[in-house]
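Grab a pencil and pull the model up in your viewer. Try each task before you read its solution.

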Amino acid sequence: MAMVPSGSGGGPPVIAEVEMNGGADSGAATVRATVVQASTVFYDTPATLDKAERLIEEAAGYGSQLVVFPEAFVGGYPRGSTFGFGSSISIGNPKDKGKEEFRKYHAAAIEVPGPEVTRLAAMAGKYKVFLVMGVIEREGYTLYCSVLFFDPLGRYLGKHRKLMPTALERIIWGFGDGSTIPVYDTPLGKIGALICWENKMPLLRTALYGKGIEIYCAPTADSRQVWQASMTHIALEGGCFVLSANQFCRRKDYPPPPEYVFSGLGEEPSPDTVVCPGGSVIISPSGEVLAGPNYEGEALITADLDLGEIVRAKFDFDVVGHYARPEVLSLVVNDQPHLPVSFTSAAEKTSAAKNDNTSKPY
């Protein structure tokens, strides 16, 4: 896979995000990849980062070159919480307890970029791995469910924000836009990610296929058996490797009541009750399960990916290549950021800087 030199000419190469209709590399190699199945230390982001580093170190010790973490590993997936709304949402009825829950959840989230991102980048560099990490991103007072990408040189590459939160997630998370649907062209292959039920959105998957994705990461919170069918279908449809990472959690991985109360289960579960059984899995482009699914406990699920399998799979079915009919069906992706507020003076400064071919301080 190609690495694009930086503009300075003197530094290490940077990982390029590929454009739509990115081509395939005919060379074949083997990549050792690990999906992490483990629980957040809820409401304790420093401890979660410590745990992440231990798991990355262990995976690197197995020779893994790519390590993929679950959805919302840093910041936590608020399983069982309704943030005071329950099944009936009424903005007119203040939910003071839910607001306090959100304050604590907001405090556990991370800014991107920020000190936690710097630490994650250092982990990727220290253990020489490509790292795909699910986080809760804080921008001002809005939270986003995001995936961050890092390279083995210890650099933060970019992020994907979940485009469409599911059900009650829409109460606590904002919506991503088309500006954060990256696929990175790396020495391991073209890597990208969608989060949980986004993977059920055919047009969003097609956007990744159009960028030539080869290693398709699917951090999730869905542990149902039917999720495995979705992952197998995506591997076959996209002719790509699918790496799905989910948390394995017991009730005791969350704060005890009354600080944190599980709803929708009839009664408060016991500390050892499994509230998310995992199901992390690695699947080949031919639909073969290479590792997992694991429903037994926290685990590192590892497989060797033969990238030649991608070419062999595309011989049968190339969804955006020889099996496409663009004169009948096509997709246009709006990949521009959508900001609620913009300022004309900022646009004028940008235009002036381009005209002068210089960068001017404010």
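Below are six short exercises with worked solutions, all on this predicted model.

**Exercise 1. Get an overview: how many helices and strands does the chain have, and what share of its residues count as buried?**

Start with the secondary structure: the chain comes to eight helices and 15 strands. Next, go through the accessibilities: of the 362 residues, 49% count as buried. Finally, look at the contacts with a sequence separation of 6 or more: 70% of these come from residues 24 or more positions apart.

**Exercise 2. Work out what span you'd expect for helix α1 and check it against the model, then look at both ends of the helix.**

Step one is the ruler. α1 runs over residues 45-61 and has 17 residues. The expected span is 1.5 Å times one less than the number of residues, so at 1.5 Å a residue α1 should cover 24 Å. The end C-alpha atoms sit 24 Å apart, which agrees.

Step two is the N-terminal end. Here D44 acts as the cap, with a side-chain oxygen 3.1 Å from the backbone nitrogen of A47.

Step three is the other side: just after α1, G63 adopts a positive phi of about 90°.

Step four is burial. The buried residues of α1 are T45, T48, L49, K51, A52, E53, L55, I56 and A59. Their cover includes strands β2, β3, β4 and β15 along with helices α2 and α3.

**Exercise 3. Do the same for helix α2: what span should its 13 residues have, and what covers its buried residues?**

First, the ruler again. α2 takes in residues 96-108, and at 1.5 Å a residue these should span 18 Å. The model puts the end C-alpha atoms 19 Å apart, which agrees.

Second, pick out the buried positions: G98, E101, K104, Y105, H106 and A108. Don't be put off by the charged names in there; E101 and K104 really are on the buried list.

Third, find the cover. It includes α1, α4 and the strands β4 and β5. The link with α1 shows up from the other helix too, since α2 is among the elements covering the buried residues of α1.

**Exercise 4. Find the residue that carries the "active site" annotation, and describe its surroundings.**

Begin with the record: the unreviewed UniProt entry puts "active site" on E71. Now place this residue: E71 is in the loop between β3 and α2. Buried means under 20% relative accessible area; at 1%, E71 is therefore buried.

Look for a polar partner next. The E71 side chain makes a polar contact of 2.9 Å with the side chain of K162.

Then move to E169, in helix α4. Leaving out residues up to four places away in sequence, E169 touches E71, Y77 and K162. E169 is buried as well, with a relative accessible area of 6%. A polar atom of the E169 side chain also lies 2.7 Å from the backbone nitrogen of T166.

**Exercise 5. Trace the strand neighbours of β8: in which sense, parallel or antiparallel, does β8 pair with β7 and with β9?**

Take β7 (residues 183-186) to start: β7 and β8 pair in the antiparallel sense over four bridges. A two-residue hairpin joins them, and one bridge is between T186 and G189.

Now for β9 (residues 215-217): its pairing with β8 is parallel, over three bridges. Here I191 is bridged to I215. Follow the chain between these two strands and you'll pass helix α5 (residues 202-210); β8, α5 and β9 make a right-handed β-α-β unit.

Last, check burial. Five of the five residues of β8 (residues 189-193) are buried, so the rest of the structure largely encloses this strand.

**Exercise 6. Is Q37 buried or exposed, and what does its side chain contact?**

Place the residue: Q37 belongs to strand β2, residues 30-37. Read off its accessibility: at 0%, Q37 counts as buried. Check its polar side-chain partner: the side chain of S280 is in polar contact at 2.8 Å. Then list what Q37 touches beyond four places in sequence; the neighbours include N246, F248, P277, S280, N294, E298 and I301.

Note on methods: Residues are numbered from 1 along each chain as its sequence is written. This is a predicted model: local features need pLDDT of at least 70, side-chain atom pairs count only at pLDDT 80 or more; totals for chains, interfaces and linings use all residues. Side-chain values use heavy atoms; hydrogens and water are left out. Buried means under 20% relative accessible area, exposed over 50%, partly exposed in between (1.4 Å probe, protein chains only). Contact means heavy atoms within 4.5 Å. UniProt positions are given in the numbering used here, feature names are shortened, and annotations may be inferred rather than shown by experiment. A polar contact is a pair of N or O atoms within 3.5 Å; within protein, one must be able to donate a hydrogen and the other to accept it, and residues adjacent in sequence count only if both atoms are side-chain atoms. Two strands pair if DSSP finds at least two bridges between them. A crossover is right-handed if, with the strands pointing away from the viewer, the path from the first strand over the helix to the second runs clockwise.
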